[in-house]
Amino acid sequence: MPLGQRSQHCKPKEGLQGQEEAPGLVGAQALPVEEQEAASLPSTLEEVPAAESLSPPQSPQAASSSPTAIDSILGSLLDEGSSSQEEEGPSAFPDVEDPESFLQDIIDEKMAELVHLLLHKYRVKEPITKAEMLETVIKNYEEYFPEIFRETSECMQLLFGIDMKEVDPISHSYVLVTSLGLSYDGILGDEQSMPKSGLLILVLGIIFMEGNCVPEEAMWEVLSDMEVYAGREHFLFGEPKKLLTQDWVEENYLVYRQVPGSDPACYEFLWGPRAHAETSKMKVLEYIANANGRDPTSYPSLYEEALRVEGEGV
């Protein structure tokens, strides 16, 4: 699926160019502005000029009038106490002006419920089957399962850095694993803790795309464009600066060091030894390219570097 279409389902806003009239969070529209901003998530990097300078994702032009699935997912995560209502079959619409829009709302709601279930399965390290998803979440909307499953899988990968791997094609059984071979997820062991692998992959991608070393100021500039701010508590990730400068440094995914000779002291980020050991530049590039509906070779200089590093076994 091209990024223009994916973004409508897996982004909280229409873009990162300072648009003021973006869709609100479904189920969370009554939240204060600060909480709505805290619920926003970074998107996947889209354009990288040939000179390797980083450009934030551009606003896709493909428009959709339906609420985004990510809005519904974020709204439901913000409102853990909400209970699902009784459902009717897809052919029994209530008296609404736009049945098609109503159906899209139901599909988005099912995706949000499925995300809740998948996050639980990921936390307790249990597989899940298609039959369980149908019985627990989809129910009377089985004919829409392929769409719901596809979009939910993409959102799980882009939001949380979690892949769904089919382990039994007969029973359609799946396990949930961290993307790109990373062994870290940032979950603290409780039902409220969210996987942070998606943000880690994004940070690794920024470092790679910026020439393998990013000044701290530039890192926060990019992340702030994506509604992730140093010093501001984030709905999913906690305090991002602590993640980048302490937690992921202690986990050896990042190196955070003073720029030699800088006065006053300036700092920069590099990949840490654990990032090099568990994943690769090619995997990160493939992840970014796939998220944007592109081939890794469409980033020629990055692709050549990733290919060279793989050939050298670095």
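Colleague: Which residue takes a positive phi in the hairpin of strand 2 and strand 3?

Modeller: Keep in mind that this is a predicted model. Strand 2 covers residues 162-168 and strand 3 covers residues 173-178, and their hairpin has four residues between the strands. The one with a positive phi, near 55 degrees, is His172.

Colleague: Thanks! How many bridges join strand 2 to strand 3?

Modeller: These two strands run antiparallel. Asp168 stands opposite Ser173 in strand 3, and Met164 has Leu176 as its bridge partner there. The number of bridges joining strand 2 to strand 3 is six.

Colleague: In what order do strands 1, 2 and 3 form their open sheet?

Modeller: The pairing in this sheet is antiparallel. Strand 1 (128-129) and strand 2 are the edge strands, each pairing on one side only. The three strands therefore follow the order 1-3-2.

Colleague: Which helix packs on that sheet, touching strand 1, strand 2 and strand 3?

Modeller: Helix 6 (residues 145-160) lies across strand 2 and strand 3, at about 130 degrees to strand 2. The helix that touches strand 1, strand 2 and strand 3 has a direction making about 70 degrees with that of strand 3. It spans residues 99-124 and is helix 4.

Colleague: Staying with helix 4, is Leu103 buried or exposed?

Modeller: Leu103 has its place in helix 4. Its C-alpha atom is separated by 9.9 Å from that of Tyr141, 38 residues apart along the chain. The relative accessible area of Leu103 is 14%, and the cut-off for buried is under 20%, so Leu103 counts as buried.

Colleague: Now the other sheet, please: which strands are the edge strands in the order 4-6-5?

Modeller: Three strands form this open sheet, and the pairing is antiparallel. Two bridges join strand 4 to strand 6 (residues 267-271), and one bridge partnership there is that of Pro215 with Glu268 in strand 6. The strands that pair on one side only are strand 4 (214-215) and strand 5 (254-258).

Colleague: What angle does the direction of helix 7 make with that of strand 6?

Modeller: Helix 7 covers residues 197-209. This helix packs on the sheet and touches strand 4, strand 5 and strand 6. Its direction and that of strand 6 make an angle of about 100 degrees.

Colleague: I'm curious about Tyr256; what is its relative accessible area?

Modeller: Tyr256 is found in strand 5. Beyond residues up to four places away in sequence, Tyr256 touches Glu216, Thr245, Val249, Tyr267, Glu268 and Phe269. Tyr256 and Val214 are 42 residues apart in sequence and 9.7 Å apart in space, C-alpha to C-alpha. Tyr256 is partly exposed, and its relative accessible area is 25%.

Colleague: How are helix 7 and helix 11 arranged, roughly perpendicular or roughly parallel to each other?

Modeller: The axes of helix 7 and helix 11 (residues 281-291) come within 10 Å and cross at roughly 105 degrees. Angles of 65 to 115 degrees count as roughly perpendicular. The two helices are therefore roughly perpendicular to each other.

Colleague: And how many residues of the contact of helix 7 with helix 11 are nonpolar?

Modeller: Helix 7 brings Ile201, Leu204, Gly205, Phe208 and Met209 to the contact. Helix 11 brings Lys281, Val284, Leu285, Tyr287 and Ile288. One residue of the contact is polar and one is charged, and the nonpolar ones number eight.

Colleague: How many of the eleven residues of helix 11 are buried?

Modeller: Helix 11 is mostly covered. Its buried residues are Lys281, Met282, Val284, Leu285, Tyr287, Ile288, Ala289 and Ala291. Just after the helix, Gly293 takes a positive phi of about 65 degrees. The number of buried residues in helix 11 is eight.

Colleague: Last one, for the whole protein: what percentage of the 314 residues is buried?

Modeller: The protein has twelve helices and six strands. Its accessible surface comes to about 15000 Å², with 49% of that belonging to carbon and sulfur atoms. Among contacts between residues at least 6 apart in sequence, 65% join residues at least 24 apart. As for burial, the buried share of the 314 residues is 49%.

Technical notes. Residues numbered from 1 in each chain as written. Predicted model: local features only at pLDDT ≥ 70, side-chain atom pairs only at ≥ 80, totals over all residues. Heavy atoms only, no water. Axes fitted to C-alpha atoms, helices over the stretch in contact; angles between N-to-C directions. Parallel < 35°, antiparallel > 145°, perpendicular 65-115°, else oblique. Contact = heavy atoms within 4.5 Å. Nonpolar A, V, L, I, M, F, W, Y, C, P; charged D, E, K, R; others polar. Buried < 20%, exposed > 50% of the residue type's maximum accessible area, 1.4 Å probe, protein only. Areas by Shrake-Rupley, 256 points an atom, 1.4 Å probe, with all protein chains shown as cover.
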